[in-house]
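Biologist: I am new to this structure and would like to know what stands behind the labels put on it. Please take me through them.

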Amino acid sequence: MYDYAVLWEWVMIAARWTHVITAVAWIGSSFYFIALDLGLRKTPSLPPLAHGEEWQVHGGGFYHINKYLVAPDFLPEHLTWFKWESYATWLSGFAMLVLLYYVGAELFLIDPTVMELSVWQAVALSLASLGGGWLVYDGLCRSPVGRHPTALMILLFGVLVAMAWGYTQVFSGRAALLHLGAFTATIMSGNVFLTIMPNQRIVVSDLKAGRRPDPKYGEIAKQRSTHNNYLTLPVIFLMLSNHYPLIFATEFNWLIASLVFLMGVTIRHWFNSRHARKGNPHWTWAATAVIFLVIAWLSTAPMRGVPEEATLGGRAARFAAADGFAEVTDIVTGRCSMCHAAEPGWDGLHWPPKNVRLETAAQIAHEARRIYLQAGITHAMPPGNLSYMEPEERAAIVRWYRSVAG
């Protein structure tokens, strides 16, 4: 009943849903604890060694929370650790990276007009950048500059800009911005797995042994947690960027991605200031709006796409040589290319949806799987069947694709 492409699509759906669920859990807990930490207040009734307290109301009940910078005199019987949200988010995100960009490297990861790479070379570069990125970041945090928060943040921003530009010199635009998000998310999850949690375990071990924990472990964890706080919103933007060609397929996509990190800082600064009861710095929203308008202007630069005579190789070559390809080419150019063109002919469209172009036989062969799923198996395309694709035409697309994919 189900063929490989359909089953694979459901695997992707499950991986994406899992990633969204775990990301919501991680971001929610992260934002909550940052807000809680900033809202703490010192009062005369604080228990010994407590740093601050916060009263909150939710769900009809009242919560009284105390924070200890180092640790209390005793270890509570029930201690909740917040870690699996981070781990599950990174693991599910990496699973999606493998399923979409590694398995589908020829279609989504590699762009011959950017750099000629084999699949293994592209995957190796991807993995090396993620692992190497963590090592560079962690080294900077542990270096002398790590003791100066503002200088460290400026230096880290420079690293992110360099990575944004570097990815666009190696991968397709879509993959470049997605990788920048994965690069940043790896730093964030690495902070939890390799720094914050180990430091908390040291504190707990000291308590069990009757030793006074060193406060430096809490200070280090707080620094990394603050970094995660400011990096969260840009990561969300970058993870969504692959749906919008105006972000990933333009000449200045690396600069757009870099500016997004600044918007993350301005937005979070407003929330952090408010939670710390230091006022409402509304100038941050004006700064965010200006940066957003600059991004929108940069997106008007010439859009990159599949070359008119894309090189046929691998699966694309087999689809081009398959029986029925000529018929499918006629169907697609007649029913789809008025929108999926370098200059769409449909009123209101100024660029091809998802930056998918279907004007030439080579482009159609490259997009075989999408055409099969969007216009063969399902009726997602054309939208509302505005170009009146007939059932027989959809059946021809299915026969053609299955003659190669089985």
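Modeller: What follows sets computed values against cut-offs, and the model is a predicted one.

Biologist: Why is aspartate 206 called buried?

Modeller: Buried means under 20% relative accessible area. Aspartate 206 has 11%, so aspartate 206 counts as buried.

Biologist: What makes aspartate 206 and arginine 211 a salt bridge?

Modeller: The cut-off is a side-chain nitrogen of Lys or Arg within 4 Å of a carboxyl oxygen of Asp or Glu. The closest N and O atoms of aspartate 206 and arginine 211 are 2.7 Å apart, so the pair counts as a salt bridge. Arginine 211, at 47% relative accessible area, is partly exposed.

Biologist: How many salt bridges does a search of the whole structure find?

Modeller: The search finds nine. One of them joins glutamate 393 and arginine 335, with the closest N and O atoms 3.0 Å apart.

Biologist: Why is that pair said to tie parts of the chain together?

Modeller: Glutamate 393 lies in helix H15 and arginine 335 in helix H12, so the salt bridge ties together parts that are 58 residues apart in sequence. Glutamate 393 is buried at 17% relative accessibility, while arginine 335 is partly exposed at 22%.

Biologist: How do you know that arginine 370 and glutamate 367 form a salt bridge?

Modeller: Their closest N and O atoms are 3.4 Å apart, and the limit is 4 Å, so the pair qualifies. Glutamate 367 is buried, with a relative accessible area of 7%, and arginine 370 is partly exposed at 24%. Elsewhere, salt bridges that share partners join Asp37, Lys67 and Lys222 into one network.

Biologist: What makes strands S1 and S2 a pair?

Modeller: Two strands pair if there are at least two bridges between them. S1 (residues 50–58) and S2 (residues 61–68) have eight, in the antiparallel sense, so they count as paired. Histidine 58 stands opposite glycine 61, and glutamate 54 has isoleucine 65 as its bridge partner. The two strands form a hairpin with two residues between them, and glycine 59 in the turn has a positive phi of about 60 degrees.

Biologist: Which residues that are not glycine have a positive phi?

Modeller: Among them is arginine 277, with a phi of about 60 degrees, in the loop between helix H9 and helix H10. Another is asparagine 385, at about 50 degrees, in the loop between H14 and H15. Proline 382 lies in the loop between H14 and H15 too, and a cis peptide bond with an omega of about -10 degrees joins methionine 381 to proline 382.

Biologist: Why is arginine 277 called partly exposed?

Modeller: Partly exposed lies between the 20% limit for buried and the 50% limit for exposed. Arginine 277 has 49%, so arginine 277 counts as partly exposed.

Biologist: Which residues have the most contacts inside the largest nonpolar core?

Modeller: That core has 59 residues, and those with the most contacts inside it include Tyr101, Tyr167 and Ile295. Helix H6 (residues 173–208) gives the most to this core, with 13 residues. Apart from this core lies another, of 25 residues, including Cys336 and Tyr372.

Biologist: How does tyrosine 32 come to belong to a surface patch?

Modeller: A patch residue needs over 30% relative accessible area. Tyrosine 32 has 35%, so tyrosine 32 passes that cut-off. With Phe33 and Phe82, Tyr32 makes a nonpolar patch of about 270 Å².

Definitions and conventions: Residues are numbered from 1 along each chain as its sequence is written. This is a predicted model: local features need pLDDT of at least 70, side-chain atom pairs count only at pLDDT 80 or more; totals for chains, interfaces and linings use all residues. Side-chain values use heavy atoms; hydrogens and water are left out. Patches are made of residues with over 30% relative accessible area and no salt bridge: like charges are joined within 9 Å, nonpolar side chains (Val, Leu, Ile, Met, Phe, Trp, Tyr) within 5 Å. Accessible areas come from the Shrake-Rupley method with a 1.4 Å probe; for residues, only the protein chains shown count as cover. Buried means under 20% relative accessible area, exposed over 50%, partly exposed in between (1.4 Å probe, protein chains only). A nonpolar core is a set of buried Ala, Val, Leu, Ile, Met, Phe, Trp, Tyr and Cys residues joined through side-chain atoms within 4.5 Å. Helices (H or I, at least four residues) and strands (E, at least two) are DSSP runs, numbered from the N terminus.
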